[in-house]
Each structure stands twice: as structure tokens, then as C-alpha cells.
Amino acid sequence: MASVTSDYVNSTEADYLDEELCNFDPNPVDVITQTYIYSIICVFGLIGNALVIITYIFYKRTKTMTDIYLFNVAVADLIFVVALPFIIYNEQHSWSMGPVACKMLRSAYSINLYSGMLLLACISGDRYVAIVQARRSFGARSRILTYGRLICSAVWMFAVALTLPTLIYTELFEELSVGAETDTVVCQLFFRRNETAKLMKVLVPSLQMANGFMLPLLVMVFCYSSIVYTLLRTQSSQRHKAIRVVLAVVAVFIICHLPYNVALLNHTLSLFTERSCEAEKIKLQVLAICRSIAYLHCCLNPVLYAFVGVKFRSHFRQIMLDLWCFSKRYISTVRSSRATSEISGRMSSDGANNMSSFSA
């Protein structure tokens, strides 16, 4: 699969200490394992984020800033998990859906990464204002709520702007496969000029690490540290539960995204140095594994940010009750319609028998 190869092409023999080009064809076992992992991520991410969106559209009447941010996080995650099956299919079928699908599907993860991470930082900032600056922001938060959609729109526009290099330079091309009968069609960043390649090899991963990890992490650490400090000074019976939720949010964020960003940094630093084939293969395998761990975050966001809330759980139970009532109503309607059709069928057959008896 292309996901275990380099994100940047134009590799030449001078890039490696070996005399000939590396063969990056993946192990079939790795392909099957990764497909299963991505399928699990897709299923749980689709269900969780769809439930969040449905809940906030149809059941949650009063909206807060955090609600608006959570809704947009769910939309960002949903975009990615919907694109993920198509990415898996195309990687295993030489990108048969064409160059447009190549650009759009590769851009889906970038948009999800930038918008989702920045929105999580916005959530931590809103919780900081609500808890740490509660007295000062009592009147202001109601006014700020008016600008929630504007803030989310700005985040989406910024995410799209950061994704433009991926959208512009991602292309389909045939990759030379050592020892293979046919060349492999891959969808990756491709640069026709060496100057552009040198710039983008540093710019794209730097933007990803800075805006998709470091900036949100710094904001979350500052805001949640202040929140924990404020909660420790209160005498609320719910403070320990709130602190556990805060620690879980930060811990999951670091566990999911730190390994991938460290692997990406290591891979980026080695792009301009000669390296052996085997060392490069190991780095790309580690990068692929860490990327799969980072993908897990889109499944965990609904649990960490939505289902922990008492109000959200009550709205979710209402959804389940409504679905149950709807299904019971549907079943009873089907049964009654079947009974009616059976009765009318019997009456028509009886009528036919009577007509036949009269005409006899």
C-alpha cells in the first residue's frame, strides 16, 4: 500500500547508500493488517461522529460554544472516516478512481488534521474561559456565542489554506518497482523541480507538526493545567471526575499524535541525507504504524468530548428511545397492513366463491 511508502517522491539512486533503488513494495500481511485496522477505525468513527452530529442537530436545543466546536470536530472526523474506505480501495487497486479522487482523498486527512486539532484547542480555550475566568466572562460568553460560527469558519478556511500544498502537488504516477512485472500506480506528493521539492519536503511536514500538533498541544496544556489548578481549589464533589476527564483528554491526545509527529520529524530530517534501503524501510514502517495510531483519535473524540457529558448522554438516550418507539410503530404498522391485506384477500376470495356459486 502507498501508505507505507514515502510521502515525498523524486528519490534517486543518490539518496541511498545501496547501488540500486529500494523496493518499497509492502508485505501482504502488513497490507491485510492495516486494512483491518482502518476498517475498524472507519466503522467506529462513522457511528460515533454521526451520533454526535444527529444529537446536536435534532435533540440539543440550547447551544454553547463548546457544542458548536464539538459539532464541527465531528464533521471533520466524519469527512475523514468517509474518505478512508475509498483510500483503502484505491491503494489496493492502483488508484482506479483517477487523479481527481487522488487529490481529494489525500487532502481529506489534511483538512481533518488541521481543522480537528485547532477546534480541539478552541474547546480547551472555551473551557478555560468558562471555568478559570468564570466571573469575568459571565456576560461576555453569551455575546461570544454569537461569533462561534465565525470562529469555526475561520478555522475551516485556515485548514483549507494549509491543505493547498497537498491538493496542488499530489498526483498519480507510476512508481518503478524493483523485480515487479508491472509498475505500481501511487498517489503522493510529486515535484517536477528540485527547488520546489526541497522547499515542500520541509514546509509540508513542518506545517503539519506545528499547526496540527504543537500549537494545539501547547494551548491544551496551558488551558487544562489552569483548569485542574482551579478545580483543585474548589470543594465540589464532581471535581475529581472533572479532573480525570481533563487528564484523559490530554493523555489520549499525546498518545495518539506524539508518536506520529516524532516519526514524521525523524523521517523529514533524514530526507536530505544518504540512508540505507533497510533503514528507510524501517522508518516508513514505523511511520505507517504511528499514522494508524493517530487515525484512532477520530474514533475517540466522541467518547472524550461528547459522551462524558450528562446532557449529551440524556439526549443520546432520548435518541435510542425514539428509535425504539419508531421501530415498534413501524413493526405494528407492517403487521396491521399485512393483517388488513389478508382480510381483504379472504373477503375477495369469498366473494369470488359466492359469485361462482351464483353463476353455477
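## Tryptophan 95 and serine 94

Let's start in a loop of this predicted model. With a relative accessible area of 3%, tryptophan 95 is buried, because the cut-off for that label is under 20%. Tryptophan 95 sits in the loop between α2 and α3, and its phi is positive, about 50°, although it is not a glycine.

Serine 94 lies in that loop between α2 and α3 (99-131) as well, just after the end of α2. Serine 94 also has a positive phi, about 55° here, without being a glycine. Its relative accessible area is 40%, so serine 94 is partly exposed.

## The chain as a whole

Stepping back, the protein chain holds 10 helices and two strands. Reading from the N terminus, the order of elements is α-α-α-α-α-β-β-α-α-α-α-α.

The protein chain has 360 residues, and 42% of them count as buried. If you look at contacts between residues at least 6 apart in sequence, 78% of these join residues at least 24 apart.

## Helix α2

Leading into that loop is helix α2 (residues 65-92), whose 28 residues should span 40 Å at 1.5 Å a residue. The C-alpha atoms at its ends are 41 Å apart, which agrees with that expectation.

Even so, α2 has a bend of about 30° at leucine 84, with a proline, proline 85, following within four residues. As for its surroundings, 20 of the 28 residues of α2 are buried, so the helix is largely enclosed by the rest of the structure.

## Helix α5

Another helix with a bend is α5 (residues 148-169). Its 22 residues reach 33 Å from first C-alpha to last, close to the 32 Å expected at 1.5 Å a residue. The bend in α5 is about 40° and falls at threonine 163; here too a proline follows within four residues, namely proline 165.

Both of those residues, Thr163 and Pro165, are on the list of buried residues of α5. The rest of that list is Gly148, Cys152, Val155, Trp156, Ala159, Leu162 and Thr166. It is handy to recall that an α-helix has 3.6 residues a turn, so residues three or four places apart point the same way.

## Where α1 meets α9

Now for a helix pair: the axes of α1 (residues 28-58) and α9 (residues 297-306) come within 7 Å of each other, crossing at roughly 35°. The crossing of α1 and α9 is left-handed.

On the α1 side, the residues taking part are Ile41, Phe44, Gly45, Gly48, Asn49 and Val52. They meet Cys298, Cys299, Pro302 and Ala306 of α9. Sorted by class, this contact of α1 with α9 has seven nonpolar residues, three polar ones and no charged ones.

## Methionine 220 in α6

Our last stop is methionine 220, found in helix α6 (residues 194-232). Its relative accessibility is 1%, so methionine 220 counts as buried.

Which residues does methionine 220 touch, not counting those up to four places away in sequence? They are Leu120, Ala121, Ser124, Ser225, Val249, Phe253 and Tyr305. Methionine 220 can also be paired with cysteine 122: the two are 98 residues apart in sequence, while their C-alpha atoms are 8.7 Å apart in space.

Key:
Residues numbered from 1 in each chain as written. Predicted model: local features only at pLDDT ≥ 70, side-chain atom pairs only at ≥ 80, totals over all residues. Heavy atoms only, no water. Expected span 1.5 Å × (residues − 1). Bend = angle between axes of the 7 residues up to and from the residue. Buried < 20%, exposed > 50% of the residue type's maximum accessible area, 1.4 Å probe, protein only. Axes fitted to C-alpha atoms, helices over the stretch in contact; angles between N-to-C directions. Left-handed = near helix turned anticlockwise from the far one by under 90°. Contact = heavy atoms within 4.5 Å. Nonpolar A, V, L, I, M, F, W, Y, C, P; charged D, E, K, R; others polar.
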